[in-house]
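This briefing is for a reader who has not met this structure before. Please look through the sequence and the model, then read the points below.

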Amino acid sequence: MINIELFNLAVAEVLGECYENFPERINLKESDIAYKVLEYYSDDILEKHPDFMDKLFGISSATVAWLEQAGFIWVESRDLRDFYRVTLSSKGLELLNLVPNSITNKESIGASFINGAKSVGKDAVLSAIKLVLSEGAKLTIKGGI
């Protein structure tokens, strides 16, 4: 397992949850994010990698903190492991409303996360997240949102 893959899957889960509940603010628990990411992997992952859950917990919390610092979400407060009253920023909403050419049914990235990111598969989710993060970086560099 590499951290970047786990990070990207955690990004998908966090942004998908925020998009689904927008504009309402939600609470995000490190453990909930970790267990959602775990669902992308085969049942024997914990047997093969005994420290996998510890890694997932750390990455889940760090991912939410990074998304806030990068301007994708707003977080009203947090404690050691959980984040409270979280919502998409205008930048996050704009990026999740993108409709990439590669999506055949022409739904937004955010809608694809809501409509079953796991059903489209890990590779499709990772590809969509790479697009979101890339476009977010372009907005930041251009002085956009």
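Leaving aside neighbours within four places in sequence, Asp82 touches Leu28, Lys29 and Glu30. The model is predicted. Asp82 is found in strand S3, and the points below go from this residue to helix H2 and the helices that pack against it.

**Asp82 and its surroundings**
- Asp82 counts as buried because its relative accessibility is 15%, and the cut-off for buried is under 20%.
- Between Asp82 and Lys29 there are 4.6 Å from C-alpha to C-alpha, although the two are 53 residues apart in sequence.
- Lys29 is one of the contacts of Asp82, and Glu30 is another.

**The chain as a whole**
- The protein chain has eight helices and three strands.
- Along the sequence their order is α-β-α-α-α-β-β-α-α-α-α.
- The chain has 145 residues, and 46% of them count as buried.
- Among contacts with a separation of 6 or more, 58% are between residues 24 or more positions apart.
- About 7700 Å² of the protein chain is exposed, and carbon and sulfur atoms supply 51% of that area.

**The buried side of helix H2**
- Helix H2 covers residues 30–38, and its buried residues are Glu30, Ile33, Ala34, Val37 and Leu38.
- These residues lie on the same side of H2, because they cover an arc of only 140° around the axis.
- What do the buried residues of H2 pack against? Their partners are helix H1 (3–21), strand S1 (26–29), helix H3 (45–48), helix H4 (52–69) and strand S3 (82–88).

**H2 against H4**
- The axes of H2 and H4 cross at roughly 120° and come within 8 Å.
- H2 is therefore oblique to H4.
- The crossing in which H2 passes H4 is right-handed.
- On the H2 side, the contact is made by Glu30, Ser31, Ile33, Ala34, Tyr35, Val37 and Leu38.
- On the H4 side, the residues are Phe52, Met53, Leu56, Phe57, Ser60, Ser61 and Val64.

**H2 against H1**
- H1 packs with H2 at an angle of about 115°, and their axes are 9 Å apart.
- This crossing of H1 and H2 is right-handed.
- H1 brings Leu6, Leu9, Ala10, Glu13, Val14 and Glu17 to the meeting with H2, where Ile33, Lys36 and Val37 are the partners.
- Ile33 and Val37 are among the buried residues of H2.

**Two residues of H4**
- Ser61 lies in helix H4, and Ala62 lies in helix H4.
- Is Ser61 buried or exposed? Its relative accessibility is 9%, so Ser61 counts as buried.
- Not counting residues up to four places away in sequence, Ser61 touches Glu30, Arg78, Leu80, Arg81 and Phe83.
- Ala62 has a relative accessibility of 46% and therefore counts as partly exposed.
- The C-alpha atoms of Ala62 and Glu30 are separated by 9.1 Å, and the two residues are 32 residues apart along the chain.

**Glu30 across these points**
- Glu30 is one of the buried residues of H2.
- Glu30 is in contact with Asp82, and Ser61 touches Glu30.
- Glu30 is also among the H2 residues that make the contact with H4.

Technical notes:
Residues are numbered from 1 along each chain as its sequence is written. This is a predicted model: local features need pLDDT of at least 70, side-chain atom pairs count only at pLDDT 80 or more; totals for chains, interfaces and linings use all residues. Side-chain values use heavy atoms; hydrogens and water are left out. Buried means under 20% relative accessible area, exposed over 50%, partly exposed in between (1.4 Å probe, protein chains only). Helices (H or I, at least four residues) and strands (E, at least two) are DSSP runs, numbered from the N terminus. The arc is that of the directions from the helix axis to the C-beta atoms. Contact means heavy atoms within 4.5 Å. Accessible areas come from the Shrake-Rupley method with a 1.4 Å probe; for residues, only the protein chains shown count as cover. Axes are lines fitted to C-alpha atoms, for helices over the stretch in contact, and angles run from 0 to 180 degrees between N-to-C directions. Angles under 35 degrees count as roughly parallel, over 145 as roughly antiparallel, 65 to 115 as roughly perpendicular and the rest as oblique. A crossing is left-handed if the near helix is turned anticlockwise from the far one by less than a right angle, and right-handed if clockwise.
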